Amino acid sequence: MSQDKSQHDGAETVDLSNLPPDPSRRLWVTTACAAGGIAGVATAVPFVGSFAPSEKARAAGAPVEVNVSSIKPGEMRTVEWRGKPVWILHRTEQQIQELKDNDSQLADPNSERPGFTPPYAQNEYRSRKPELFVAVGICTHLGCSPTPELAAEPGPGLPADWEGGFFCPCHGSTFDLAGRVYKNKPAPDNLEVPPYQFSADGSSVIIGVDDDNKA
């Protein structure tokens with residue numbers, strides 16, 4: 001598995017394998033392993049473990065900088081921030097155009113419920129850039145990690161008209177490619193969008209930093 005290393009100033013990398021177990025991380029990792037076999041074959045979803053600059057910085061949630069220039073349209077990368085999986089999805093132009101078609105089927109299409117969507121992501125794309133979607137990969141129901149089902153085709157537990165998104169194998173909640181939960185599902189809210197911003201040249205995403213969350 002490939003690993004992204006922080007480019008944040010002053011960061012010191014350490015091996016995550018030597019850190020004490022994190023119960024919340026163990027939950028989503030276990031779920032992801034159990035559900036990994038049903039991920040879309042045509043979509044590359046590599047896991048990229050994050051780094052921890054130090055125990056103190058890790059506990060405080062040190063920002064994670066990820067180079068996104070190599071993520072191709074239709075691909076998704078997973079990194080770790082504050083013990084949580086964070087997804088970075090490069091949506092295709094077709095996926096972007098089809099987002100608006102889901103509105104009538106969604107519980108909160110405009111992300112108006114408080115707490116899970118920062119102001120800069122309260123738009124049709126739930127992102128700073130239409131093509132790049134960043135979200136915490138933890139279901140808002142009971143904390144399982146949904147499985148990326150990015151291909152627009154039916155599959156186990158998915159509706160016949162599935163247009164791509166995320167499926168939680170624990171209790172059947174489904175989310176579209178903007179992390180918005182469908183109606184009449186156990187999950188009460190859309191997937192969380194973490195604080196993040198882009199580097200000056202746009203080649204990297206810095207997770208854990210935005211206008212209200214300084215490094």
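This is a chat about a three-stranded sheet, the cysteines and one loop residue in a predicted model.

Q: Which strands make up the open sheet, and in what order?
A: In this predicted model, the open sheet has three strands in the order 2-3-4, and the pairing is antiparallel.

Q: And which ones are the edge strands?
A: Strand 2 and strand 4 are the edge strands, since each of them pairs on one side only.

Q: How much twist is there from one strand to the next?
A: The twist averages 20° from one strand to the next.

Q: What about strand 3, is it enclosed or not, and why?
A: Strand 3 covers residues 84–90, and six of its seven residues are buried, so the strand is largely enclosed by the rest of the structure.

Q: How many bridges hold strand 2 and strand 3 together?
A: Strand 2, which runs over residues 76–81, pairs with strand 3 over six bridges in the antiparallel sense. As an example from that pairing, Glu80 has Pro85 in strand 3 as its bridge partner.

Q: What sits between those two strands in the hairpin?
A: The hairpin of strand 2 and strand 3 has two residues between the strands, and in this hairpin Arg82 takes a positive phi near 55°.

Q: And on the other side, how many bridges with strand 4?
A: Strand 3 and strand 4, the latter made of residues 132–136, pair over five bridges, again in the antiparallel sense. Ile88 has Val134 in strand 4 as its bridge partner, while Leu89 stands opposite Phe133 in strand 4.

Q: Changing topic: how many disulfides does the structure hold?
A: The structure holds one disulfide, and it joins Cys144 to Cys170, with an S to S distance of 2.1 Å.

Q: Where are those two cysteines?
A: Cys144 lies in the loop between strand 4 and strand 5 (147–149), whereas Cys170 lies in the loop between strand 6 (165–167) and strand 7 (174–175), so the pair ties together parts that are 26 residues apart in sequence.

Q: Is that disulfide left-handed or right-handed, and why?
A: The torsion about the S-S bond of Cys144 and Cys170 is about -100°, so the disulfide is left-handed.

Q: Are the two cysteines buried or exposed?
A: Cys144 counts as buried, because its relative accessibility is 9%, while Cys170 is partly exposed, with a relative accessible area of 32%.

Q: What about Cys139, and why is there no bond to Cys168?
A: Cys168 holds the cysteine sulfur closest to that of Cys139, but the two are 3.9 Å apart, which is too far for a bond. A disulfide needs the sulfur atoms within 2.5 Å.

Q: So are Cys139 and Cys168 buried or exposed?
A: Cys139 counts as buried at 4% relative accessibility, and Cys168 is buried with a relative accessible area of 2%.

Q: One more: where is Thr92 found?
A: Thr92 is in the loop between strand 3 and helix 3, which spans 93–98. Thr92 counts as partly exposed, with a relative accessibility of 24%.

Q: And which residues does Thr92 touch?
A: Leaving aside residues up to four places away in sequence, Thr92 touches Pro73 and Gly74.

Q: How far is Thr92 from Glu131, in sequence and in space?
A: Thr92 and Glu131 are 39 residues apart in sequence, and their C-alpha atoms are 6.7 Å apart in space.

Technical notes: Residues are numbered from 1 along each chain as its sequence is written. This is a predicted model: local features need pLDDT of at least 70, side-chain atom pairs count only at pLDDT 80 or more; totals for chains, interfaces and linings use all residues. Side-chain values use heavy atoms; hydrogens and water are left out. Buried means under 20% relative accessible area, exposed over 50%, partly exposed in between (1.4 Å probe, protein chains only). Helices (H or I, at least four residues) and strands (E, at least two) are DSSP runs, numbered from the N terminus. Two strands pair if DSSP finds at least two bridges between them. Axes are lines fitted to C-alpha atoms, for helices over the stretch in contact, and angles run from 0 to 180 degrees between N-to-C directions. Contact means heavy atoms within 4.5 Å.
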